[in-house]
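Let's take a walk through this one together. Have the sequence and the 3D view open side by side, and we'll go element by element.

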Amino acid sequence: MMDMKHPAEKFRPVIVTGLSGGGKSLAARYMEDLGYFCVDNLPPVFIPKFIDLCRETHGQISRAAIVVDTRSREFFDDFVRVLGELDAGGVPYELLFIEASDDVIIRRYKETRRPHPLAPDARISEGVTRERNRLAPIRERATQIVDTSKLRKAELRDIIRRHYDAPGADAQMSVNILSFGFKYGIPLDADLVFDVRFLPNPFYIDSLRSKSGTVPQVASYIESWDVTQKFEEHLDNFVDFLLPQYVKERKSQLVIAVGCTGGMHRSVFIAKHLYDRIKKHYAARLEHRDLMKNEVQEHVSEG
């Protein structure tokens, strides 16, 4: 039985339930992105114990989402009783019910070619009907009902954020700036790739060849050219425009890759230029992936 000694606690778990194929797993994934500790397919009888365990972390788990549905089979019959116990004990919780129209759910199951949990050997439509009937008393208790029939994924994400994100929380995006050498391959996880092989190359200057783009003499050489200055101006304007658009779209991480031939001079210099600008407004990280694959004799550490 649940410990009822702290009914006024701020800890308020979200119980996510609803129709199979409605989008519960996707909703839970978006909640996980918001920092929720998520548990999928938990038998209802374990909900009170799980809440107690979260409380015992003394704030380390301050937000939790519990996905409960008919996959728990005979254990699901305890759901209404458990919710009644939570209500009787004054335990705060949210009940998010995810649903969709019959035709949408049937189409989704046909696309995935998976059997419905309540009709593994029968028509999908039969399973949907059985599940609706079984979930009817749960739906009546819901604090939030979301119909995903006509929702795009981004719209469901925004609904979840609007209802379950912390009050006053701002969208955060981390930016990873990466220099690389094209001869070692383009980074597979790059969102934006800038090719700076058109910039003047210090490799052809004997006194600069073995020094990386972090060395002041190399940086001064690259910076001294008019083409570099014009490129930096265009690049800065482009990045200043683009990054807020990614934030608006709730992108959590952005990887900007800057490449030259070997990843030692020009890409390193431009990546550092971007990093110095971006870190003023975003959580930023700078990495020179291929720098030390070259014959580097002089390098200035940046951290």
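Below we look at one strand with its partners, and then at one helix with its surroundings.

Keep in mind as you go that this is a predicted model. Start with strand 6, which spans residues 174–181. How many of its eight residues are buried? Seven of them are, so to speak, under cover, which leaves strand 6 mostly covered.

Now check what sits beside it. Strand 6 pairs with strand 8, residues 253–260, in the parallel sense, and that pairing runs over eight bridges. If you want a spot to zoom in on, G181 stands opposite C260 in strand 8. Strand 6 also pairs with strand 9, residues 283–288, again in the parallel sense, this time over six bridges. Here a handy marker is L178, which stands opposite E287 in strand 9.

Next, jump back along the chain to helix 4, residues 102–112. Its buried residues are V104, I105 and Y109. Why do they line one face of the helix? Look down the axis of helix 4: the buried residues fall within an arc of 135°, so one face is what they line. Turn to the other side of helix 4 and you'll find D103, K110 and E111, which are exposed.

And what do the buried residues of helix 4 pack against? Their partner is helix 5, residues 124–139. Before you leave this region, have a look at the backbone just after helix 4: R113 takes a positive phi there, of about 60°.

Note on methods
Residues are numbered from 1 along each chain as its sequence is written. This is a predicted model: local features need pLDDT of at least 70, side-chain atom pairs count only at pLDDT 80 or more; totals for chains, interfaces and linings use all residues. Side-chain values use heavy atoms; hydrogens and water are left out. Buried means under 20% relative accessible area, exposed over 50%, partly exposed in between (1.4 Å probe, protein chains only). Helices (H or I, at least four residues) and strands (E, at least two) are DSSP runs, numbered from the N terminus. Two strands pair if DSSP finds at least two bridges between them. The arc is that of the directions from the helix axis to the C-beta atoms. Contact means heavy atoms within 4.5 Å.
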